[in-house]
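Subject: Structure handover

Hello,

Here is the structure we discussed, followed by notes on what was found in it. Please look through the notes with the model open.

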Amino acid sequence: MNDRKTPEEVLGFNPKTNEPKIGWLSITPEVAKYILDYFNKDNRKVTQAQTNCIVKSIKKDGWQDNGEALPFNVEGNITEYQHRLEAITITKITVKVSYRLGVSTDCFTKTARAKPRTPVDEVQRKDRTAEKSHVTILGQVLSRRKGEKLIMQNAISQWNNWKNTIKEGNKIVEDFFDTIDNAKFTPYTRVFGAWSTLMIKAG
């Protein structure tokens with residue numbers, strides 16, 4: 001006897017449909033496992049490192065609603081979200097998310113890839129005055145202090161800590177490079193910028 005519950009009983013809808021639809025779904029750990037068990041047959045392999053990263057993020061900052069919907073393709077399989085669902089089962093949280101039905105099965109094959117976000121993008125999202133070179137110097141500064149690495153999660157907080165000093169240090173370096181005619185130093189401009197920043201910070 002098959003005791004498996006129907007999608008309508010668990011989800012409130014059948015994800016296998018050609019009709020586009022948007023709605024809201026409360027995802028408990030049990031619902032997350034149900035989706036992973038029965039509607040995750042057309043996805044990339046789960047990466048444990050990515051699941052661990054999301055679990056760590058949830059434990060530190062809670063579940064963050066980034067506006068992305070849980071997508072089901074026309075065959076009823078999810079095309080994204082599997083690592084987040086895995087994290088829900090591990091952390092035992094319940095979250096309310098939007099879902100989208102009727103997604104194309106070829107959506108990843110035939111569409112242009114989204115541009116991956118970087119710490120530069122994250123800093124410039126909050127501070128339009130930040131230049132790419134400034135954020136590169138920030139990365140150099142953090143690596144030379146042997147503290148945190150510059151990542152998406154700390155980009156804004158570290159930029160706020162260092163931005164004024166970095167801009168001052170970068171100005172000194174730019175003035176220096178304006179006075180010399182030696183191309184061999186050019187690849188090290190950001191290293192010079194980090195050194196200048198650290199010297200200013202040290203007084």
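Which residues of α7 are buried? They are Ser-133, His-134, Val-135, Ile-137, Leu-138, Val-141 and Leu-142. Please keep in mind that this is a predicted model, and that every value below was computed from it.

Helix α7

Helix α7 runs over residues 132–144 and has 13 residues. At 1.5 Å a residue it should span 18 Å, and its end C-alpha atoms are 19 Å apart, so the expected and computed spans agree. The cover over its buried residues includes α6 (119–126), α8 (155–178) and α9 (189–201). After α7 comes Lys-146, which has a positive phi, near 55°.

One residue of this helix can serve as an example. His-134 is found in α7, and it counts as buried because its relative accessibility is 6%, where the cut-off for buried is under 20%. If residues up to four places away in sequence are not counted, His-134 touches Thr-129, Trp-159, Ile-166, Lys-167 and Asn-170.

Helices α8 and α9

From the α9 side, Ala-194 is a residue to look at: it is found in that helix and is buried, with a relative accessible area of 0%. Again not counting residues up to four places away in sequence, Ala-194 touches Ile-137, Gln-140, Val-141 and Arg-144. Two of these contacts, Ile-137 and Val-141, are also listed among the buried residues of α7. Ala-194 and Ser-143 are 51 residues apart in sequence, and their C-alpha atoms are 9.7 Å apart in space.

Gly-169 lies in helix α8 and counts as buried, at 0% relative accessibility. Leaving aside neighbours within four places in sequence, Gly-169 is in contact with Ser-196, Thr-197 and Ile-200. The C-alpha atoms of Gly-169 and Met-199 are separated by 8.4 Å, with their positions 30 residues apart along the chain.

There is also a charge placed over a ring here: Lys-201 lies over the face of Trp-162, at 4.8 Å from the ring centre.

How α6 meets α8

Two packed helices are described by the angle between their axes and the distance between the axes. For α6 and α8, the axes come within 9 Å and cross at roughly 65°. The crossing in which α6 passes α8 is right-handed. On the α6 side the residues that meet α8 are Pro-119, Glu-122, Val-123, Arg-125 and Lys-126, and on the α8 side they are Ala-155, Ile-156 and Trp-159. Trp-159 also appears among the residues touched by His-134.

Aromatic rings

How many aromatic pairs are there? The count comes to four. One of them is formed by Phe-13 and Phe-72, which are edge-to-face, at 5.9 Å centre to centre and with 80° between the planes. This pair links distant parts of the chain, with 59 residues separating the two: Phe-13 is in the loop between α1 (7–10) and β1 (21–27), while Phe-72 is in strand β2 (residues 70–73). Both Phe-13 and Phe-72 are buried. Ring pairs link Phe-13, Phe-72 and Tyr-99 into a cluster.

Elsewhere, Arg-4 lies over the face of Tyr-38, at 3.8 Å from the ring centre.

Positive phi values and one exposed residue

Tyr-81 and Lys-92 can be taken together. Tyr-81 is a residue other than glycine with a positive phi, near 85°, and it lies in the loop between β2 and α4 (82–91). Lys-92, likewise other than glycine, has a positive phi near 60°, and its place is in the loop between α4 and β3 (95–103). Buried or exposed, what is each of them? Tyr-81 is buried, with a relative accessible area of 4%, whereas Lys-92 is exposed, with a relative accessible area of 62%.

Finally, Glu-9 is in helix α1 and counts as exposed, at 56% relative accessibility, as the cut-off for exposed is over 50%. Glu-9 and Ile-166 are 157 residues apart in sequence and 57 Å apart in space, C-alpha to C-alpha.

Regards

Notes. Residues are numbered from 1 along each chain as its sequence is written. This is a predicted model: local features need pLDDT of at least 70, side-chain atom pairs count only at pLDDT 80 or more; totals for chains, interfaces and linings use all residues. Side-chain values use heavy atoms; hydrogens and water are left out. Helices (H or I, at least four residues) and strands (E, at least two) are DSSP runs, numbered from the N terminus. The expected span of a helix is 1.5 Å times one less than its number of residues. Buried means under 20% relative accessible area, exposed over 50%, partly exposed in between (1.4 Å probe, protein chains only). Contact means heavy atoms within 4.5 Å. Rings of Phe, Tyr and Trp (its six-membered ring) pair if their centres lie within 6.5 Å; planes under 30 degrees apart count as stacked, over 60 as edge-to-face and the rest as tilted. A charge sits over a ring if NZ of Lys or CZ of Arg is within 6 Å of the ring centre and within 35 degrees of the ring normal. Axes are lines fitted to C-alpha atoms, for helices over the stretch in contact, and angles run from 0 to 180 degrees between N-to-C directions. A crossing is left-handed if the near helix is turned anticlockwise from the far one by less than a right angle, and right-handed if clockwise.
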